[in-house]
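Colleague: I should like to learn how features of a fold are read from coordinates. May we work through an example together?

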Amino acid sequence: MSVADVQRSVTAELDRIAPVIDSLGEAFAAGGHELALVGGPVRDAMLGRPHNDLDFTTSARPEETEKILRTWGDALWDMGRDFGTIGTRKGPWQVEVTTYRSEAYSADSRKPAVAYGTSLADDLVRRDFTVNAMAVRLPGREVVDLYGGVVDLATRMLRTPGTPEDSFSDDPLRMMRAARFAAQLGFTVAPEVVAAMTDMASRISIISAERVRDELVKLICAPFPRLGLSLLVETGLAELVLPELTALRMERDEHNRHKDVYEHTLTVLEQSIDQEARLGGGPDFVSRFAALMHDVGKPRTRKFHDDGTVSFHHHDVVGAKMTRKRMKALRFSNDEIEAVSKLVELHLRFHGYGDGDWTDSAVRRYVRDAGDQLDRLHVLTRADCTTRNRRKADRLARTYDALEARIERISEEEELAALRPALDGNQIMSLLGIAPGREVGAAYKFLMDLRLDEGILSEDEAAKRLLDWWAERSA
């Protein structure tokens, strides 16, 4: 991409959004205030990536901004007032206007101290990277590029407006953002930025787990997550935010001695992404994070044998526990934690399928255990094959095709997705004459095991088998 291409892209995008930027610029100018489109929207306009979320910066204080937006926009919100930001909606555009500001973290604070700035130049110098430190003054549409952001966009380079040390000292989360932008844009991170990230990695510890988590999710859901993850590992940041990933570099994969588990894991992640169409398309964080974490139990379960082989017995169970612990530390939701942990725990289950010698009962249990994560388990299991042996890879793919076909057939015959016994709890209590308690649970489990082993039973047959079981149990 040349500088001329960048200039043409931004001109075309500014023409597209003219209905909102021109009128808003005129409204602020009429009030005696400066206004500029800034940050990500300018960068994306230059990259030819149009969107309708627009960020502006202004000399106006929040109360003055609110007055203007109240008459100009279709709706108003001020949840960011403490940071100088007022938001509005204008037709299809989501607009946020922020007062010129400067902010920095003290040595031990998790929250930035915010102070209003006095000029556009002051506002731009405090931004994270040169490609985000460009602006378009309004209503005249003058492009302001004080730090070479246009050239950096054209050369796909990520640099900071000032020294990276100052930038990361002001906000250590910018180190995570560097990795995230590498993953999102496919950019190269400048050597001096990488060096500063390495030297200052420990400073990420003052950032809240929630903010680190949000950057990690964006990175993993980006088009090129390998670039961002590799940068986190290279600089030592991963050791602080996702140490399980760094630990994989020291291990060897028992199936592929030519590459370590770390490289295998990144390949599985990429192969998982290639299959996301099976999940409806678009980035699927749960599926991707499960691929990233599926082998994290290997370092703790590695065992060397006298014949020179290496085993990682039960690394699926250990890995699931480690995944749950890490995700809790990063403040993920319970639903996300349970979904990813379940996938990690089940990712080896298919390898017991052999050449298709599972019984229908075993297939039902596979579906039952996967629950609502079955489609993601299909993706993870297929992605976990990274062998260079084409014959072996083709055989595994055919075998899993056969398993999926069996699941579909049994599902059609038995409504497998429901997978519940013929009698519910109330029927069990009525039939056995018992009150709610552990015995109802035991009876329900007995009927569920029958369902898994034998398929669908009629209510009459289930009742007969339950009464026989109860009589034997009570004898």
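Colleague: Which residues of α10 meet α11?

Modeller: In this predicted model, Leu216, Leu219 and Ile220 of α10 meet Pro225, Gly228, Leu229 and Leu232 of α11.

Colleague: At what angle do the axes of α10 and α11 cross?

Modeller: The axes of α10 (residues 209–220) and α11 (residues 225–235) cross at roughly 135° and come within 8 Å. Angles over 145 degrees would count as roughly antiparallel, and 65 to 115 as roughly perpendicular; α10 and α11 are therefore oblique to each other.

Colleague: Let us turn to the interior. Which residues touch the most other members of the largest nonpolar core?

Modeller: Phe56 and Phe289 do, in a core of 111 residues. Helix α8 (residues 173–185) gives the most to this core, contributing 9 residues. As for Phe289, its contacts beyond four places in sequence are Leu216, Ile220, Leu242, Met327 and Val340. Two of these names, Leu216 and Ile220, also appeared among the α10 residues that meet α11.

Colleague: Which residues does the second core include?

Modeller: That core is separate and has 16 residues, among them Leu432, Ala443, Leu447 and Leu466.

Colleague: How does one judge whether the buried residues of a helix such as α24 line one face?

Modeller: One looks down the helix axis and asks how wide an arc the buried residues occupy. In α24 the buried residues are Ala462, Ala463, Leu466, Trp469 and Trp470. They fall within an arc of 130°, so they line one face of the helix. Asp460 and Glu472, on the other side of α24, are exposed.

Colleague: Against which helices do the buried residues of α24 pack?

Modeller: They pack against α22 (425–432) and α23 (438–454). Helix α24 itself covers residues 459–474, and its 16 residues reach 22 Å from first C-alpha to last, close to the 22 Å expected at 1.5 Å a residue.

Colleague: Where is Leu457 placed, and which residues does it touch?

Modeller: Leu457 sits in the loop between α23 and α24. Not counting residues up to four places away in sequence, Leu457 touches Ala422 and Leu450. Its C-alpha atom is separated by 60 Å from that of Gly40, 417 residues apart along the chain.

Colleague: Finally, is Ser361 buried or exposed?

Modeller: The cut-off for buried is under 20% relative accessible area. Ser361 has 11% relative accessibility and therefore counts as buried. Ser361 lies in helix α19 (residues 360–370), and, leaving aside neighbours within four places in sequence, is in contact with Leu452 and Asp453.

Definitions and conventions
Residues are numbered from 1 along each chain as its sequence is written. This is a predicted model: local features need pLDDT of at least 70, side-chain atom pairs count only at pLDDT 80 or more; totals for chains, interfaces and linings use all residues. Side-chain values use heavy atoms; hydrogens and water are left out. A nonpolar core is a set of buried Ala, Val, Leu, Ile, Met, Phe, Trp, Tyr and Cys residues joined through side-chain atoms within 4.5 Å. Buried means under 20% relative accessible area, exposed over 50%, partly exposed in between (1.4 Å probe, protein chains only). Helices (H or I, at least four residues) and strands (E, at least two) are DSSP runs, numbered from the N terminus. Contact means heavy atoms within 4.5 Å. The expected span of a helix is 1.5 Å times one less than its number of residues. Axes are lines fitted to C-alpha atoms, for helices over the stretch in contact, and angles run from 0 to 180 degrees between N-to-C directions. Angles under 35 degrees count as roughly parallel, over 145 as roughly antiparallel, 65 to 115 as roughly perpendicular and the rest as oblique.
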